[in-house]
Amino acid sequence: MEQLQHFKSRWQRFQYVECVLYAVGFGGLVYLLTKNLGFGLVGFMVAFGIALVLNKPWKIKTESVIAFVDAHVPEAGFSSGLLTLPTDQLSNLSLLQRHRVASRLKDLMPKLMPPHHLQKAALVMFGFILIGVLGRYVLGDFSSLSSKKGNNKEQIQFAPLDSIQEGIEIPELTETKITVAYPSYTGIPSLNTSNPNIKAVEGTQITWNLTFDGEVQEVIMDRMGELIPFSKNGEQYQLSQPLQSSGFYSFTFKDLEDNAYLTDLYSLEVTPDNPPMIEITDLNQYSYFEYNDDKTIPLNTQIFDDYGVNDAFIVATVSKGSGESVKFREETLQFDGSISKGNKQQRLKKLLDLSQLKMDPGDELYFYVEAQDNKTPTPNIARSETYFAVIRDTVTDEFAVEGNLGVDLMPDYFRSQRQLIIDTEKLIQEQPDISEYDFKFRSNELGFDQKSLRLKYGQFMGDETELQDAPGQVSAVEEETHTDEDGEEKDILDGYSHKHDSENEHNLVVEHPEKDEEEEEDPLHEYLHNHSDPEESTLFEKSLKAQLRDALNIMWDAELYLRLYQPEKSLPYQYQALEIIQEIKNSARIYVHRIGFDPPPIKEETRLTGDIENIKNVDKNESFEYEMTFAATRKMVARLETLINGNSQFTKSDNTLVLEAGNELAQKAVSEPVKYLKVLQGLRDLEKTTNRTKEMYVQVQKNILSVLPKVESNPGKGARSLDEINLLYLKELGDYE
Amino acid sequence: MSDGFMLLNHNLFWPLLIGCLVLLGFFVWKEWHQKGQSRFWIKIAVACIGLTSLFLLILKPATPKDTTTGKAIVLTEGYRAEQLDSLKKVFKRIKSEEYVSGKSLSIIEDVDSLFLLGHGVPLYDFWQLEGKSVQFLGGEAISGWTQIHHTDELELGEELKVQAQYQNPQKEYWAVLKDNGGNPLDSVQFEEGEEQLVQFTVQPKASGHFVYQLEEKNAEGALVSSEPIPFIVEDREPLHILILNTFPTFESKYLKNYLAEKGHQVLVRSQLTKNKYKFEYFNRDTQPIYQLSKQALEAFDLLVFDVESYQNLGRSASTVLKESMAENGLGVFIQPSGNLFTLSKNQLPIGFDADFNTDISLGNPPQSLQKYPFAFQQEFPLQPIKMDSTTIAAYLPQGKGKMGTSLLQNTYQLVLDGKPDSYAAIWTEILDALVPQFEKSASWEMVTDIPRVDEPANFWVHSSTNPLEVEIEASSKLPLLQDVPIPSRWKGVQYPRKKGWNQLQIPADSTSQFSYFVFGKNERTTVSQQNVYEQNQRYFGQGKSSNAQVSATSKKMEPISPLWFFVPFLLSMGWLWLEPKL
């Protein structure tokens, strides 16, 4: 009986093991395919249950054991059933048989294997697991592909800002549609995506369409602190924004209960539309031509642009002449053949013919290629380097200008009156020794000088004069070098003498083109605003004008007597004129003096007494708000370290710290959004209660540390401790001295 | 018996001898009738042999022998199996035991001479080997980090210096220093050789308790090992500075602007005329100072003089200044000018030598700066202040305080040149050296190099509080032992319970918290092996054979095997029994 029971329980155990093998196989398969232990366990349970129901190991009855034993053990003599029956119900023969069978079975039973399918079950199990492993490889490759895709197709996810009460239905974002409409000129078709991290060309129009399942109060876009509400368009919320600068954005929405929900931070990255690139091949920066050369330049250029070239042309500047007289002429030349607008790459040619540009020997040509791309509204313009072409001149003429042209003119004029006097006196003195003709000629000459001088001063007065071109002549005279003052005076006087006329003729002979230009420029221009209008002459004050007028009148008399060959009569007038002119000069000096320093009056009674009683100390008080750069962020690092070590919990004050750190970093982030995105995102995530995990802290801290700049140098006071030994040592150091 | 032979039961000698003689007498008497026959004599001889054997069997004669019972081998981490084998060959049946930290050695009780194999026994278990003759034989060569030294406490803005030595480096492996976030900061590639020294200098970016990692990576970049570098960064406090000038200079102007902008409290007094001053107060209350008094100076950390105001100090002001420096730790900086170098040693105890150099090059990229054509006389108490290993200033300790000056001229030129960072770096270097530090009420010192969980960590506390109490994380008190020669010094032992930062504090003083880092089981293993090895070597001496005396005592008396006596006894008795039957 006992043996049979043992056998039965063994049989059952085998059955159970079989079930377990099947279940493990199936569970393993599920686990391997889903990579989820929970699913694996469920699969195991289910398979185990099914196997149990099918096998029903608990239903193995003693009868079937007996039948099995009878069938497989000949020694049992088909009487093993006797063992189950109570002894008192058996006849003696039966008892004997029972005893016999029992004694035989005693040895045989432990060796008897119950019917089982363990091998099969094991094979099935390994088969399942093998399929699982294979499936995992296949799926793994596939899912890694799809997960890569999935990264691109990141979805907008909202998370509640605060923990919300149970039972509130959270409105769910069911559809996100982001339309990235590239500027039409780029030729890129607009893109529909759900990836909120957008990278596009400047000027792209981005439209967000959000559809919510459930009632939503409002949806707002937070773009670097700027809050832009969505407009409601039927079921959808829509917002359209042009992409102008890089930055971040996030969305918030409020449900009807005023619970706020927040998304992660997403980046907006602007890729600039680069200006065209111009490449000029096989051309030297400088080309020189002789006058008899073939003066052509083959210009081959290649222009690239990221979205298409719109226009390209050559800007050529021809310069004629040299020095002050240089003249420029700018021309825009089109390339041979038309430009295929919108092509990203253009290959253009032009044969520049210098003679067509009306260039003569000595002329120079500067040219560059300018290209525009098709960016709207303002195209990007790029220009190549400037190239030079020169036709060598056969002759070169030197042109020199004296350094102090025109500056010292006025005093010279004044001085000439004195010179006139000197000359007149000399003439009177020499009168007995020279011929009468000579005398008269010189007197007349002096008269002319006197007249020129008068006219000169008349110009100051704004008088019409016969010698309109006097200033130009003066400048021509000034070109000559003057060694000493007298010489200089002579030169000026010469300028007004007859000689001057011939010199003027000489000037005409040389006929410098620049001379024409220069003559238009009046060296006195700076001193005189408008010579022709006496009312506008502002050089002298009213009294001075009167004085000058007097001087001019006197000069008339002086000239008169000179012309009458009576220099001695003219002399007093000349002196008079000189005196007045002298006065005018001095008045000018006083005028200069007036704009100088005006010292405060000195109190003579306190001067040099050494009394400083009334002098007070000067006090100056200033305060500076100093804060270390990224102070809050640095604090955040330390705070995170304690949070990571699990020594404390996230508190309210931490929230403000997170906010401050975020603000500090956001300022930096504008310039490099991609670098800072992770950091800012991390900090924002900490605002959500669900994200306050150790892993998150570690991540945020790592990101912060990677962008934090160095601590700036600043002296400070730290802590240290001095114990008795150190003190004694320091004291000994002092005694050593 | 004397020459190395003795009886173990020698107190039984006489009774036994008598008994044997009596027995022999009985035998002789019994066989007397055969007297005259040769059998008789044979029997007597055999009986003698038998009795002697019995006699010796009981007395247990012993001979001195090189025994192994007095010796044992203690195996510690890193022992060499071949060494053990060869020891076992020499000393047969020598016992050996592996040392496990926290368990006392059991074989030690009945031995007095030990072979110590491996890297050795940690310092705190030396007591177990006390009084034994120990032969320290060493073990396998240690490969890995054998030394890691680093700054454990620094102020924000200072640099963390890490110096480490790697024994038997693998070529093309890397040492990488990572910050607490795991961002790599610096790295060094190993070269071939017996040991590799690596040195890192980085500036921590925030204050707090941090653990950087010194990682070892193989050529492929996979992590081989990682050692924590724990340190504490403290915040700094702004300074209180008084600048006294006889006339305004650009140097002072820029210095005060720089300091004021950095949030320090600055008071500038420039003399206008006799007894008339211009006071400038930055970030502080408007409290003028006319006379230097000890009380007034107490509020300041640093006093900046120009040479003239320093020279014009009255006798009392000089005394006050000296006292303030010595007792309160006031720092004094004298702005150099031409006059400075003409001061006598009485006026300024810093000596100069002319070096005729008017230029100095600092920084990277090197930047030329004007300097006075002098150099400091390097006398003992004078401490140079260096930047890029160039002396730019020097100070003289004056009690707790310091007095210093620099050689630089017109440093404000740096600001004008648009290099305010270099300017800041120079003045930070100089002023940091001069300003006093806070005095903490207690100072702590961890004596144990590498504290570990459940291992004793010895520390010293210096505190004027008496009696002193120390708490472990505000819970239980720790007993302390007061030092005899220095009564303010206390010794304590703590068995840390957790890895990472642990705290000790004086309950009466909340500011005096002491944080120390407890290393995990797998951290700093090679360093502590090296330490233990060195300690053992120092303590036991390597390779020194145990001395002669120890060898003598280790010659144990071994009883001669009783079989030698029993067999003759049996044979002789057997003969005596058999003989009559023949």
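Over which residues of chain B does pLDDT stay under 50? Select residues 543-553 of chain B in this predicted model: there pLDDT stays under 50 throughout, and the model has eight contacts beyond four places in sequence for this stretch. Where pLDDT is low, the predicted coordinates should not be read in detail.

Next, colour chain B by confidence. The mean pLDDT of the chain is 85, with 96% of its residues at 70 or more. Two elements mark the extremes: helix H11 (residues 548-553) of chain B has the lowest confidence, with a mean of 42, whereas strand S19 (residues 331-335) of chain B has the highest, at 93.

Now display both chains and turn to the region where they meet. Here 63 residues of chain B are in contact with 43 residues of chain A. Among the elements of chain B that contribute two or more residues to this side are helix H4 (250-261), strand S17 (276-282), strand S25 (390-398) and helix H9 (420-434). S17(B) provides the largest share, seven residues. Colouring the side of chain B that touches chain A by class will show 25 nonpolar, 21 polar and 17 charged residues.

Keep S17(B) selected and add strand S22 (residues 618-622) of chain A. The two strands pair in the parallel sense over five bridges. For a single pairing, select Asp619(A), whose bridge partner in S17(B) is Phe279(B).

Finally, consider the scores for the whole assembly: the predictor gives the complex an ipTM of 0.71 and a pTM of 0.55.

Methods: Residues numbered from 1 in each chain as written. Chains lettered and ligands numbered in written order. Predicted model: local features only at pLDDT ≥ 70, side-chain atom pairs only at ≥ 80, totals over all residues. Contact = placed C-beta atoms within 7 Å. Helix = DSSP H or I, 4+ residues; strand = E, 2+ residues; numbered from the N terminus. Nonpolar A, V, L, I, M, F, W, Y, C, P; charged D, E, K, R; others polar. Pairing = 2+ DSSP bridges. pLDDT = per-residue confidence, 0-100.
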